[in-house]
Amino acid sequence: MQVLELSWLGWIVASIIVCWALPGRWRPWGIAAFALGFLVVTDPPSAAILATMAAITWWSGARGGRQRPGVTAVVVLLLGTLAAFKVAMASGGFALPLGMSYYTFRCVHYVLERFKKSLPPHTLSEFLAYLFFLPTILAGPIHRFPEFHRDLKRTRLGAEIVSEGLERVLYGYAKVLVVSGWLIQQQLQPWIAGLGQAHAWLSTYLYMLSAGYMGYLIFAGYSDIAIGVARLTGFRVIENFNNPFASRNIVEFWRRWHISLTSWVRDYLYATVFSLTRKPYLAALSAMLVIGLWHEVTARYVIWGLAHGLAVAGCQWYQRRRAGGTARSSRPRAMLGAFAGWFVTFHFVMLSCVFVMHDFDRAMEIYRTLLTGGP
Amino acid sequence: MYGWLLPRVGRRAALLLTALWYAVLVALVVLLAAEPKAGFRYDDL
């Protein structure tokens with residue numbers, strides 16, 4: 001895991017110092033050079049591929065980006081390249097270039113927003129600094145260009161920025177290494193395993209919850225580290241999680257989980273499919289399928305994406321149906337409804353995580369134990 | 001935390017409390033760090 005390695009931390013500390021030391025007009029070049037330098041040293045092929053994608057993206061904005069067919073061709077090329085690498089990776093042929101999934105979505109955002117003329121005037125160095133931004137290049141969030149450009153222009157170093165950034169980085173490392181790695185993996189899970197066959201259902205249920213929480217805490221921790229380091233560099237990037245396990249329905253869950261990805265998919269895929277077809281359920285299903293494929297091009301993630309898509313579509317249908325009604329619930333009934341909504345959402349998410357976190361046989365074994373109570 | 005404490009307890013106490021809280025977090029991370037292995041794909045981590 002790159003983000004946990006001391007070499008990455010060294011690059012980060014050096015980039016923060018250099019970023020603040022450089023005069024304003026050299027700052028974007030410094031930011032881009034550090035991330036590119038990191039990629040060249042760590043994984044040269046990744047650096048070459050991402051630099052090529054950056055060149056195509058910039059060229060399309062400057063030349064071909066004025067006409068719809070040119071923009072469509074560039075978006076298809078960018079997403080096609082990502083898809084090709086994902087398919088090759090799934091079949092064991094290639095390793096995915098570092099940060100490519102996040103990077104590609106940033107490129108597509110830039111191409112589409114530049115076509116819509118919604119980006120502020122900017123230079124090549126500012127564009128490169130946005131794409132090659134070390135804090136977010138490996139694990140997101142998929143931040144947006146206008147906010148990045150705003151911070152590039154106006155940030156001043158101060159005690160609050162240092163405090164905020166340092167705190168988020170520490171929370172991130174604590175979530176990944178202490179709560180997830182030490183507390184859950186080293187202390188809690190052996191205890192759960194120790195419950196044994198006599199308590200097979202309880203043991204499996206607690207294991208499912210602990211694994212689900214680990215999945216969440218690791219990613220939320222990485223996001224905290226990225227957001228904190230970005231803050232220390234003077235940038236405020238989009239939040240990625242907002243207490244997702246407190247959600248009372250699956251639509252709310254996807255508004256709180258991996259927010260930068262879901263907002264990207266909502267803006268560029270859901271909105272497009274909906275405007276073309278006027279079918280919200282189809283838009284939801286295709287959006288969730290793409291989110292599944294974004295993680296991994298395998299059957300299990302297709303099934304996972306479709307399951308979440310059907311759940312989101314079902315939830316939207318139910319909410320529309322309720323909105324049409326006139327009956328008002330009493331307070332206890334509303335509270336019971338909220339609890340039931342949370343309970344169903346939480347367990348649906350945890351059960352779906354089992355399917356993608358384990359191989360097929362182990363996932364079926366867990367489902368069987370949870371259904372029948374026995375091993 | 002510093003920004004939240006500043007208007008409530010003053011600059012000096014805010015600095016002290018913030019530094020203490022960070023020291024506790026750093027100690028926890030240094031003493032208990034263990035790299036977790038989770039099966040969920042975050043893609044490039």
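How many aromatic pairs are there over all chains? Let's start there. One thing up front: what you see above is a predicted model. In this model the count comes to 37 aromatic pairs over all chains.

Let me pick one of those. A:Tyr213 and A:Phe346 have ring centres 6.3 Å apart, and their planes sit at 50°. Planes under 30 degrees apart would be stacked and over 60 edge-to-face, so this pair is called tilted. Now find the two residues in the chain. A:Tyr213 belongs to helix α10, residues 200-232 of chain A, while A:Phe346 belongs to helix α15, residues 331-357 of chain A. They are 133 residues apart, so this pair links distant parts of the chain.

Buried or exposed, what is A:Phe346? The cut-off for buried is under 20% relative accessible area, and A:Phe346 has 7%, so we call it buried. Its partner A:Tyr213 is at 32% relative accessibility, which means it counts as partly exposed.

Here's another pair: A:Tyr301 with A:Trp304. Their centres are 5.7 Å apart and the angle between the planes is 70°, an edge-to-face arrangement. Both residues are in helix α14, residues 299-324 of chain A, and because they are three residues apart, about one helical turn separates them. A:Tyr301 is buried at 0% relative accessibility, and A:Trp304 is buried too, with 4%.

Rings can also have a charge over them. Which residue lies over the face of A:Trp294? That's A:Lys86, at 5.3 Å from the ring centre. Similarly, A:Arg114 lies over the face of A:Trp58, at 5.0 Å from that ring centre.

Okay, on to helices. When two helices pack, people describe them by the angle between their axes and the distance between those axes. Take helix α6, residues 124-131, and helix α8, residues 145-154, both in chain A. Their axes come within 10 Å and cross at roughly 115°. Angles from 65 to 115 go by the name roughly perpendicular, and that is why α6(A) is described as roughly perpendicular to α8(A). As for handedness, α6(A) passes α8(A) in a right-handed crossing.

Next, some backbone oddities. Where is the cis peptide bond that has omega of about 0°? Look between A:Gly140 and A:Pro141. A:Pro141 is in the loop between α7 (134-137) and α8 of chain A.

Then there's phi. A:Lys117 is not a glycine, yet it has a positive phi of about 60°. You'll find A:Lys117 in the loop between α5 (100-115) and α6 of chain A. With 69% relative accessibility, A:Lys117 counts as exposed. A:Arg278 also has a positive phi of about 60° without being a glycine. This one lies in the loop between α12 (259-277) and α13 (280-295) of chain A. At 59% relative accessibility, A:Arg278 counts as exposed.

Last stop, chain B. What does chain B have in the way of helices and strands? Two helices and zero strands. Chain B has 45 residues, and buried ones make up 29% of them. Its accessible surface comes to about 2800 Å², with 68% of that belonging to carbon and sulfur atoms.

That's my tour. If you'd like a place to start in the viewer, go back to A:Tyr213 and A:Phe346, the tilted pair, and then turn to A:Tyr301 and A:Trp304, the edge-to-face one.

Notes:
Residues are numbered from 1 along each chain as its sequence is written. Chains are lettered from A and ligands numbered from 1 in the order in which they are written. This is a predicted model: local features need pLDDT of at least 70, side-chain atom pairs count only at pLDDT 80 or more; totals for chains, interfaces and linings use all residues. Side-chain values use heavy atoms; hydrogens and water are left out. Rings of Phe, Tyr and Trp (its six-membered ring) pair if their centres lie within 6.5 Å; planes under 30 degrees apart count as stacked, over 60 as edge-to-face and the rest as tilted. Helices (H or I, at least four residues) and strands (E, at least two) are DSSP runs, numbered from the N terminus. Buried means under 20% relative accessible area, exposed over 50%, partly exposed in between (1.4 Å probe, protein chains only). A charge sits over a ring if NZ of Lys or CZ of Arg is within 6 Å of the ring centre and within 35 degrees of the ring normal. Accessible areas come from the Shrake-Rupley method with a 1.4 Å probe; for residues, only the protein chains shown count as cover. Axes are lines fitted to C-alpha atoms, for helices over the stretch in contact, and angles run from 0 to 180 degrees between N-to-C directions. Angles under 35 degrees count as roughly parallel, over 145 as roughly antiparallel, 65 to 115 as roughly perpendicular and the rest as oblique. A crossing is left-handed if the near helix is turned anticlockwise from the far one by less than a right angle, and right-handed if clockwise.
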